[in-house]
Amino acid sequence: MPRAVVCRELGPPESLKLEDIPRATLAPGQVRVAIHAAGLNFPDILMAAGEYQLKPPLPFTPGMEAGGEVIEVAGVDGVSVGDRVIVKARFGCYADEIVVSPDQLTPLPSTFDYAQGATFLAAHGTAYHALKDRAQIKPGEVLLVHGAGGGVGLAAVELGKVFGATVIACASSEEKLAVAAQRGADHGVLYGREPFKDAVKRITEGRGVDVVFDPVGGEIFEDSLRCIAWGARLLVIGFTGGVGVAKTNLVLIKGASVLGVRAGEAVRKDPSLGVVRLADLTRLAEEGRISPNISHRLPLEDYAKAMRLLMDRRAIGRVVLMMR
C-alpha cells in the first residue's frame, strides 16, 4: 500500500501521521504518478495548522508540488507511462503516489533531478509572477530581496539577474548570503549588522531601490518604505515576520505602488499568465540559468523534522522529502 502523511487534526507538524492508505481509484481522464520527491512550502505548514486561506476538509495530505514518474493513465492523450513530470497540486504530495488530471503535470526539465522538479514551480513561479507580471521589472533597475536565503527569495535573486536588475540580497546569516551571491546577488546585507535601509542607501548612493521583494513583512516591510526610489514597487509576497503597515505618506511622496502577489490565484483568474510563465521558466531551466537550491533532502518518514527546518529558518533554499 502507498504511504501518505495524513492530517487528521489541525496542529503542528508533530500532529501529522505517516499512514498506509488505500490506492486511489483512477477515473477516466486521470493519471497516477509515483512520487519520488515532494517539495516543502510554508503554506503546507499553515494548512496543517488551519491558518491558511485554503482549508481542505479533514483528513488530507499536505504538499503542493512533487517530482515523479507517470505509472498509470486512464483515457488520457499526451501523457504516457514512464513520463518524468512535475506535479502541481494544492495539497496531496507528501505521499508515495498521487492521482491528478493531466493539466496538473508539466514535463520535468532535462537538466533537473526529481528533487529539483519538486521544488521548482512554486518558488520560481511566485518570483516570476512578482517580478515580471506585477512589478514589470526593467533592466538596470535595483531590486531589494528580503529573506534571500529562503526558497522564494533565492528564486527572486536568480530571476532578478536574468531580467537584468542589480540585486541587493538581505539575509540572516553569512552562509545564506554566500548562497545568494552564488545565485547572482550583486550585494549582500546581513540583518543585524546594520539597519538594512541604511545599507541600501549606502549601496545606491542615496537613490534607493526600484523594486522590493518582501516575503517577510512586519517591520521589514515598513522599513523598506524608507529606502525606495521614485516610482518604486513593493511586492508583498508573504508575512512570515508579521503583517506590515504601509505608511501612506511615504507611498505618496515616492509615487510608490504596493502590490499583492498571489501567483496561483492569478493563473486561476487568467490562465494565459500560466502558459507564458511555465514556458519561460522551463526555457530558463533547460538553458541552465535557473535551478532550485536544495539544502536538505530527507526521507518521507522525517516529514515533521523537514517542516521544522522551514519553521526554524534553518533551510537555505528548499527542503525535499524523498520517497523510497
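Reader: Which helix holds Met47, and is Met47 buried or exposed?
Author: Happy to start there. This is a predicted model, in which local features need pLDDT of at least 70, side-chain atom pairs count only at pLDDT 80 or more, and totals for chains, interfaces and linings use all residues. Met47 has 3% relative accessibility, and buried means under 20% relative accessible area, exposed over 50%, partly exposed in between (1.4 Å probe, protein chains only). Met47 is therefore buried, and its place is helix 1.

Reader: How are residues and helices numbered, and how many helices and strands does the chain have?
Author: Residues are numbered from 1 along each chain as its sequence is written, and side-chain values use heavy atoms, with hydrogens and water left out. Helices (H or I, at least four residues) and strands (E, at least two) are DSSP runs, numbered from the N terminus. For this chain that gives eleven helices and 15 strands.

Reader: What does Met47 contact, and what is the C-alpha separation of Met47 and Phe91?
Author: Contact means heavy atoms within 4.5 Å. Leaving aside neighbours within four places in sequence, Met47 is in contact with Leu10, Tyr52, Leu54, Pro56, Phe60, Arg90 and Phe91. Met47 and Phe91 are 44 residues apart along the chain, and their C-alpha atoms are separated by 8.9 Å.

Reader: Where is Thr119, and what is its relative accessibility?
Author: Look at the loop between helix 2 (114-117) and helix 3 (121-134), where Thr119 lies. Beyond neighbours within four places in sequence, Thr119 contacts Gly39, Glu65, Pro292, Ile294, Arg318, Val319 and Val320. Thr119 counts as buried, at a relative accessibility of 0%.

Reader: Which loop holds Ala165, and what separates its C-alpha atom from that of Gly260?
Author: Ala165 sits in the loop between helix 4 (151-162) and strand 9 (166-171), and is buried with a relative accessible area of 1%. Not counting residues up to four places away in sequence, Ala165 touches Ile137, Gly140, Glu141, Leu143, Gly160 and Asp186. Gly260 is 95 residues from Ala165 along the chain, and their C-alpha atoms are separated by 21 Å.

Reader: Which residues of helix 11 are buried, and which elements do they pack against?
Author: In helix 11 (residues 303-311), the buried residues are Tyr303, Ala304, Ala306, Met307, Leu309 and Leu310. Arg313, with a positive phi near 60°, follows the helix. The packing partners of those buried residues are strand 1 (3-6), strand 2 (17-20), helix 1 (42-49), strand 14 (294-299) and strand 15 (318-322).

Reader: Why is Cys227 in no bond with Cys170, and how many disulfides does the structure hold?
Author: A disulfide is a pair of cysteine sulfur atoms within 2.5 Å. The closest cysteine sulfur to that of Cys227 is in Cys170, 7.9 Å away, which is too far for a bond. Cys170 is buried at 0% relative accessible area, and Cys227 is buried at 2% relative accessibility. The number of disulfides is zero.

Reader: Why is the chain as compact as a globular protein of its length, and what is its radius of gyration?
Author: The radius of gyration is taken over C-alpha atoms, and the globule rule is 2.2 Å times the number of residues to the power 0.38. For 324 residues the rule gives 20 Å, and the chain comes close to that value, so it is as compact as a globular protein of that length. Its radius of gyration is 20 Å.
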